[in-house]
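Me: I'm new to reading protein models, and I'd like a close look at one part of this one. Could you walk me through the salt bridges and then show me what else is around them?

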Amino acid sequence: IEANTSTIRQIAPLIEELENMTPDERSRFEMPMTLRVIHLRSIERIYGDHGSEVLEFMDRAPATALPIILPRLRQKDEEWRRARRDMNRIWREVYEKNYHKSLDHRSFYFKQVDKKRLAPKSLVAEIKTHPMEQGVEPG
């Protein structure tokens with residue numbers, strides 16, 4: 001989302017610049033080197049399998065491609081922000097449900113030890129050793 005927003009911030013001034021140009025200047029317009037790899041990847045990601053074609057078209061005819069790319073970037077930005085907002089609600093509920101369980105992270109080990117100590121074999125062994133500790137002989 002942040003890479004997409006950064007790309008929008010880089011392309012918007014270029015489009016404003018293009019709108020103020022004459023048709024002849026637009027035809028000679030070349031892409032400045034303001035777009036970095038992260039911006040190009042975000043454009044490529046939005047167009048999926050056709051991303052490389054869009055980037056190639058943007059290099060060949062930026063005056064035509066940029067006004068088409070910017071609305072698509074804004075549309076995807078809004079769509080992803082909405083999805084993140086919806087997922088944040090779900091994640092918050094999951095976090096709230098699991099919070100108290102996370103505090104009890106050692107309960108599994110306590111249960112395991114209790115199970116071993118309460119097994120008949122260990123109880124019999126403890127009964128046999130207990131009288132010997134007091135100095136009394138069994139039986």
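Reply: Sure, let's start with one pair: the side chains of Glu79 and Lys76 meet in a salt bridge, with 3.3 Å from N to O. Keep in mind that this is a predicted model. Glu79 and Lys76 both belong to helix α5, and because they are three residues apart there, about one helical turn separates them. Now, are these two partners buried or exposed? Glu79 has 32% relative accessibility, so it counts as partly exposed. Lys76, at 16%, counts as buried, because the cut-off for buried is under 20% relative accessible area.

Stay on helix α5 and you'll find another pair with that kind of spacing: Asp86 and Arg89 are three residues apart, so about one helical turn lies between them. They form a salt bridge too, and their closest N and O atoms are 3.1 Å apart. Asp86 is partly exposed at 34% relative accessibility, and Arg89 is partly exposed as well, with a relative accessible area of 45%.

Helix α5 covers residues 62-103, and Tyr95 is found in it. With 62% relative accessibility, Tyr95 counts as exposed, because the cut-off for that is over 50%. Tyr95 also helps make a nonpolar surface patch of about 500 Å², together with Met87, Ile90, Trp91 and Val94.

Next, hop over to helix α3, residues 37-47, where Arg41 and Glu44 sit three residues apart, about one turn of the helix. Their salt bridge brings the closest N and O atoms to 2.8 Å from each other. Arg41 is partly exposed, with a relative accessible area of 44%, and Glu44 is partly exposed at 24%. The structure holds seven salt bridges, including the ones we've just been through.

Charges can meet rings as well: the charged end of Arg72 sits over the ring of Tyr47, 5.6 Å from its centre. What about rings pairing with each other? A search of the whole structure finds zero aromatic pairs.

For a contrast with Tyr95, try Leu14 in helix α1, which runs over residues 2-19. Leu14 has 5% relative accessibility, so it counts as buried. Leaving out residues up to four places away in sequence, Leu14 touches Phe29, Met31, Pro32, Thr34 and Leu66. And if you'd like a sense of scale, Leu14 and Ala3 are 11 residues apart in sequence and 17 Å apart in space, C-alpha to C-alpha.

Methods. Residues are numbered from 1 along each chain as its sequence is written. This is a predicted model: local features need pLDDT of at least 70, side-chain atom pairs count only at pLDDT 80 or more; totals for chains, interfaces and linings use all residues. Side-chain values use heavy atoms; hydrogens and water are left out. Patches are made of residues with over 30% relative accessible area and no salt bridge: like charges are joined within 9 Å, nonpolar side chains (Val, Leu, Ile, Met, Phe, Trp, Tyr) within 5 Å. Accessible areas come from the Shrake-Rupley method with a 1.4 Å probe; for residues, only the protein chains shown count as cover. A salt bridge is a side-chain nitrogen of Lys or Arg within 4 Å of a carboxyl oxygen of Asp or Glu. Helices (H or I, at least four residues) and strands (E, at least two) are DSSP runs, numbered from the N terminus. Buried means under 20% relative accessible area, exposed over 50%, partly exposed in between (1.4 Å probe, protein chains only). Rings of Phe, Tyr and Trp (its six-membered ring) pair if their centres lie within 6.5 Å; planes under 30 degrees apart count as stacked, over 60 as edge-to-face and the rest as tilted. A charge sits over a ring if NZ of Lys or CZ of Arg is within 6 Å of the ring centre and within 35 degrees of the ring normal. Contact means heavy atoms within 4.5 Å.
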